[in-house]
Amino acid sequence: MDCDYEAMCATLCLEQTQAVHYYARTPEGSSLGNIAGFFFANFAYVDNDCNYQVADLFAVDIDLDTKRFVKAKLDDINVNAKETLILLWFNTIAAQHVKLHAMANWGVNVDEALAD
């Protein structure tokens, strides 16, 4: 079974925790279409030589009508849907998931002084 990389990228951006990186949308009636931009500043990743890297900006465009990947850039490098999916998934499990748990823990105060 083949993976639909364009659809999976859109799912991660639109329906998972990556949605918090939504930045902007094209104006109604734009010749570009109904496109949402997801911007990840200071985007950490591991390069092909297994070295830690940080991109200034990872930008992903998703078509909101078709729910499909349009384009992405890692700083000035164009990345295809398959590469984008790898980067989004790595971010989900290595960074975003940890942040989600940290935010949830901030909402819990187990100090004995607050016990009923």
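Analyst: Welcome! Buried means under 20% relative accessible area, exposed over 50%, and partly exposed in between (1.4 Å probe, protein chains only). Helices (H or I, at least four residues) and strands (E, at least two) are DSSP runs, numbered from the N terminus. This is a predicted model, in which local features need pLDDT of at least 70 and side-chain atom pairs count only at pLDDT 80 or more, while totals for chains, interfaces and linings use all residues. Residues are numbered from 1 along each chain as its sequence is written, and side-chain values use heavy atoms, with hydrogens and water left out.

User: Let me try that on a helix. Which residues in helix 1 are buried?

Analyst: Helix 1 covers residues 5-15, and its buried residues are C9, A10, L12 and C13. Looking down the axis of helix 1, you find these buried residues within an arc of 160°, so they line one face of the helix. The arc is taken from the directions that run from the helix axis to the C-beta atoms.

User: Could we zoom in on A10? What is A10 in contact with?

Analyst: Contact means heavy atoms within 4.5 Å. With its neighbours within four places in sequence set aside, A10 is in contact with E15, I62, K67, R68 and F69. This residue of helix 1 has a relative accessible area of 1%, so A10 counts as buried. Try one more pair: A10 and A36 are 26 residues apart along the chain, and their C-alpha atoms are separated by 10.0 Å.

User: Now the strands. How many bridges join strand 3 to strand 4?

Analyst: Two strands pair if DSSP finds at least two bridges between them. Strand 3 (residues 52-63) and strand 4 (residues 68-74) run antiparallel and are joined by 6 bridges. To find one of these bridges, look at D61, whose partner in strand 4 is K71. The two strands form a hairpin with 4 residues between them, and in the turn K67 has a positive phi of about 60°.

User: And how many bridges pair strand 4 and strand 5?

Analyst: Strand 4 and strand 5 (residues 77-79) pair over 3 bridges, again in the antiparallel sense. Here K73 stands opposite N78 in strand 5. The hairpin has 2 residues between the strands, and D75 takes a positive phi near 55°. As for its surroundings, D75 is partly exposed, with a relative accessible area of 34%.

User: Where is C50, and is C50 buried or exposed?

Analyst: You will find C50 in the loop between strand 2 and strand 3. C50 is exposed, at 65% relative accessibility. Its phi is near 65°, a positive value in a residue other than glycine.

User: Let's go inside. Which residues in the largest nonpolar core touch the most other members?

Analyst: A nonpolar core is a set of buried Ala, Val, Leu, Ile, Met, Phe, Trp, Tyr and Cys residues joined through side-chain atoms within 4.5 Å. The largest one here has 22 residues, of which F43, F58, V60 and L74 touch the most other members. At least two core residues come from each of helix 1, strand 2 (35-46), strand 3, strand 4 and helix 2 (81-106). Strand 2 gives the most to this core, with 5 residues.

User: What is F58 in contact with?

Analyst: Beyond its neighbours within four places in sequence, F58 is in contact with F38, F39, F40, F43, A72, K73, L74, V79, T84, L87 and L88. Two names in that list, F43 and L74, should be familiar, as they are among the core residues that touch the most other members.
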